[in-house]
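Here are my notes on this model, as numbered points. Please read them with the structure open.

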Amino acid sequence: MDVKSTPSYLYWLFCQFELITCSYLMEPWEKVLFYSFNLAMLGLLLYTTYLCLAFQASSAFQLLCSFLGNPRENALSVVK
């Protein structure tokens, strides 16, 4: 893709978004509420995804470390 055509492509995507959501029919104050709500929901979704992925990756790393750890420590912890 050409760098010069990137702004026109982004504008085309925005126009498609307005057509799909019918937001081109809204008044300016309605658009502000609609877009701010959508951006807030997207932000919450991304933040929640980040937290869940970080927790899952931490848990998987701890499990992997316990499998790759010292075998005698693992055997002793089972015996106790």
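1. Cys 65 first. This is a predicted model. Cys 65 has a relative accessible area of 39%. That value lies between the 20% limit for buried and the 50% limit for exposed, so Cys 65 counts as partly exposed.

2. Cys 22 is the next cysteine to look at. Its relative accessibility is 40%, so Cys 22 is partly exposed as well. Cys 22 sits in the loop between H1 and H2. Check the backbone here: phi of Cys 22 is near 60°, a positive value in a residue that is not glycine. Most residues other than glycine have a negative phi.

3. On disulfides, the count is zero. A disulfide is a covalent bond joining the sulfur atoms of two cysteines. The model holds none of these.

4. Now the aromatic residues. How many aromatic pairs are there? The count is four. One of them joins Phe 17 and Tyr 35. Their ring centres are 6.0 Å apart, with 35° between the planes, and the pair is tilted. Phe 17 belongs to helix H1 and Tyr 35 to helix H2 (residues 28-68), so this pair ties together parts 18 residues apart in sequence. Phe 17 counts as partly exposed because its relative accessibility is 33%.

5. Tyr 35 also pairs with Phe 34. This pair is tilted too: 5.8 Å centre to centre and 55° between the planes. Is Phe 34 buried or partly exposed? Phe 34 is partly exposed, because its relative accessibility is 23%; the limit for buried is under 20%.

6. Take the aromatic residues together. Phe 14, Phe 17, Phe 34 and Tyr 35 make up one aromatic cluster. Within it, Phe 17 comes from H1 and Tyr 35 from H2.

7. Helix H1 spans residues 6-21 and includes Leu 13. Leu 13 has a relative accessibility of 36%, so it counts as partly exposed. Which residues join Leu 13 in a nonpolar surface patch? They are Tyr 9, Leu 10 and Trp 12. Together the four residues have about 400 Å² of accessible area.

8. Last, the annotation. UniProt, in an unreviewed entry, places a "transmembrane region" at residues 32-53. In the model, the chain over residues 32-53 is 100% helix and 0% strand. The C-alpha atoms at the two ends of this stretch are 31 Å apart. The record's label may be inferred rather than shown by experiment.

How values were computed:
Residues numbered from 1 in each chain as written. Predicted model: local features only at pLDDT ≥ 70, side-chain atom pairs only at ≥ 80, totals over all residues. Heavy atoms only, no water. Patch = residues over 30% accessible without salt bridge, like charges linked within 9 Å, V, L, I, M, F, W, Y side chains within 5 Å. Areas by Shrake-Rupley, 256 points an atom, 1.4 Å probe, with all protein chains shown as cover. Salt bridge = Lys/Arg side-chain N within 4 Å of Asp/Glu carboxyl O. Helix = DSSP H or I, 4+ residues; strand = E, 2+ residues; numbered from the N terminus. Buried < 20%, exposed > 50% of the residue type's maximum accessible area, 1.4 Å probe, protein only. Disulfide = S-S within 2.5 Å. Phe/Tyr/Trp six-rings, centres within 6.5 Å; stacked < 30°, edge-to-face > 60°.
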